[in-house]
Amino acid sequence: MPNKPKIVTRSETTSSVVADNLNKGSALTAAEMDSNLINLRAGFGNVSITDTTIETLTTNDNLTLTANGTGTVEINVDKPTVGNFDTGNAIYIWGTTGSNTGPVIRQQNLNYVPGTTGSSYGPTRVAEYKLDGTDSGSSLNRFRINDALSIDLNGSELTSTSGAMGPRHQHWQDIFNTDGANQGRINYTSNEFAIQFEGSGNNSSTTVLNEIDMLRTALFSNLDSGDTFDVGTIKYFRAINLLGGTGTITIDDEYGLYVESGFDATNKYGVFVNDDSYTNRIGGIRLLNDDIRAYTSGDNLTISCNGTGHITIGGEITVEDDGRIQIGATNSIVIDTSDNIDINGAVNISADAIITESNLVKKIKKTLNTLTSSTAITVNSDNGPIQYVELDHNATFTIDMDFNEEITLVIKQGSTGGTGSFEDTGTATIPFGGNVTPTLQASAGTFDVVRFVSLAGVGIVGTFN
């Protein structure tokens, strides 16, 4: 470590000059000359200057450069350096001029050995505050670290439409591999906007944050009267391909917006637009308020399930204006706003098909419903309009049907045979045309046909062959 500047005095070891006496008007005494040298030497305090190095004399003491009053501390060289330039582990403030350059705070380690040291972090801007415990609702409680870029156009018009034009804040990573013989690899890289929750030091404290904006874009203005800003387009988030060079880049997967696991919130929104007047486009789909359609005029909107899945519609389907619902590529079934249903081709309705409300299936399906012979047989219209039984019992037939329905019952006498009486579900005897009480044939293999019609306000009536 450098020592204090060396001096030689005639006799004095301490200074006896404690006040200025300029232009004394007589020769200096030996004591005064000794004192001047001692004062000059002491003026360096705890700092030594050796060649081009300024250093504190006491180990671990800070070296402070302070200007007087409103003055500034200026370092007027091209590459001011903090640290050891020779070892390649230093911070530089570079201020060169020219295209795409500006002052840079740079930390370098040009001989970094992976895995031999802890995590490597570059220069960090830190502002720390500790509140005194006072509660406050003031809007002045703002804590910021700002990167400010100020542009005064001063009447200039910069008219280039290049995507690289204009002011922007850049968080830049430069990743490359100078070893042409070996592959380099880093599994992950990212630009992070992170918020960290720190522990209280085992004080079991509670902290409340009403809202966290992980990435917030805001437009501020502070215009004076008469000022005008004309903004053509605002894009909150934009991905743009600036890949260049003659090398090859392969990207396997690309996601415009990706939520990996979320934060287990009570309400989760992948994309939330709170204004119904916004038109949202996702690929070829347009979403506007409660309307979903193809974005390009004339394009079809296709809703498909994946694999063996189904499409479920939980509400009413309404065909508006001149629209229509088409099932099948050749207009097999078309429902339009003229209240028409056009069915082109054969209609096949399976045995388990159900059309509720009007029970239309019972009126049009031709599948025969076979009943089992017993002393009590229920003939239910829900099982179809044509029903059959081979009778080997003296049976009571209970007819169960809604108003305005019709059932045809075919009865064949079995090897044993049997008789039949007919009543409705209220156990009332069903009247037959001509007040004829049906008497079934007795011979095995013979047939009888009984028809029932249910009318609102009348009930069930029957006819017998």
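**A walk through a predicted, strand-rich chain**

In the hairpin formed by strand 6 and strand 7, where 2 residues lie between the strands, G283 adopts a positive phi near 65°. Strands here, like helices, are DSSP runs numbered from the N terminus, a strand (E) needing at least two residues and a helix (H or I) at least four. Strand 6 covers residues 279–282 and strand 7 covers residues 285–288, and the two pair in the antiparallel sense over 4 bridges, pairing being assigned if DSSP finds at least two bridges between two strands. Within this hairpin, T279 stands opposite L288 of strand 7.

The model is predicted, so local features need pLDDT of at least 70 and side-chain atom pairs count only at pLDDT 80 or more, whereas totals for chains, interfaces and linings use all residues. Residues are numbered from 1 along each chain as its sequence is written, and side-chain values use heavy atoms, with hydrogens and water left out.

For the chain as a whole, the mean pLDDT (the predictor's confidence in each residue, from 0 to 100) is 84, and 84% of the residues reach 70 or more. Among the elements of the chain, the lowest mean pLDDT, 51, belongs to helix 2 (residues 360–364), and the highest, 96, to strand 13. Where pLDDT is low, the predicted coordinates should not be read in detail.

The secondary structure comes to 2 helices and 19 strands. Of the 465 residues, 13% are buried, a class defined as under 20% relative accessible area, with exposed meaning over 50% and partly exposed lying in between (1.4 Å probe, protein chains only). The accessible surface of the chain comes to about 39,500 Å², with 49% of it belonging to carbon and sulfur atoms; such areas come from the Shrake-Rupley method with a 1.4 Å probe, and for residues only the protein chains shown count as cover. Taking contacts (heavy atoms within 4.5 Å) between residues at least 6 apart in sequence, 31% join residues at least 24 apart.

The interior of the model can be approached through its largest nonpolar core, which has 19 residues, those with the most contacts inside it being F397, I399, L409, I411, F422 and F452. A nonpolar core is a set of buried Ala, Val, Leu, Ile, Met, Phe, Trp, Tyr and Cys residues joined through side-chain atoms within 4.5 Å. At least two residues of this core come from each of strand 13 (376–380), strand 14 (386–391), strand 15 (395–400), strand 16 (405–413) and strand 18 (447–455). Leaving aside neighbours within four places in sequence, F397 is in contact with I377, V379, V389, L391, L409, I411, G420, S421, F422 and E423. In soluble globular proteins, nonpolar side chains tend to be buried together.

An open sheet of 5 strands, with mixed pairing, runs in the order 12-14-16-18-19. Strand 12 and strand 19 stand at its edges, each with a single partner strand, so one side of each is left without a neighbour in the sheet.

At one edge, N369 lies in strand 12 (residues 369–370). N369 is nonetheless buried, because its relative accessible area is 18%. The side chains of N369 and Q387 are joined by a polar contact of 2.8 Å, the term covering a pair of N or O atoms within 3.5 Å, of which, within protein, one must be able to donate a hydrogen and the other to accept it, residues adjacent in sequence counting only if both atoms are side-chain atoms. Beyond its neighbours within four places in sequence, N369 is in contact with N383, I386, Q387 and Y388.

At the other edge, strand 18 and strand 19 run antiparallel and are joined by 6 bridges, with R451 standing opposite T463 of strand 19. G459 is found in strand 19 (residues 459–464), and, neighbours within four places aside, is in contact with V453 and S454.

Two loop residues deserve a look at their backbone angles. Most residues other than glycine have a negative phi, and most peptide bonds are trans. S204, in the loop between strand 5 (104–109) and strand 6, has a positive phi near 50°, and S204 is exposed, with a relative accessible area of 71%. N289, in the loop between strand 7 and strand 8 (291–294), has a positive phi near 55° and counts as exposed at 55% relative accessibility.
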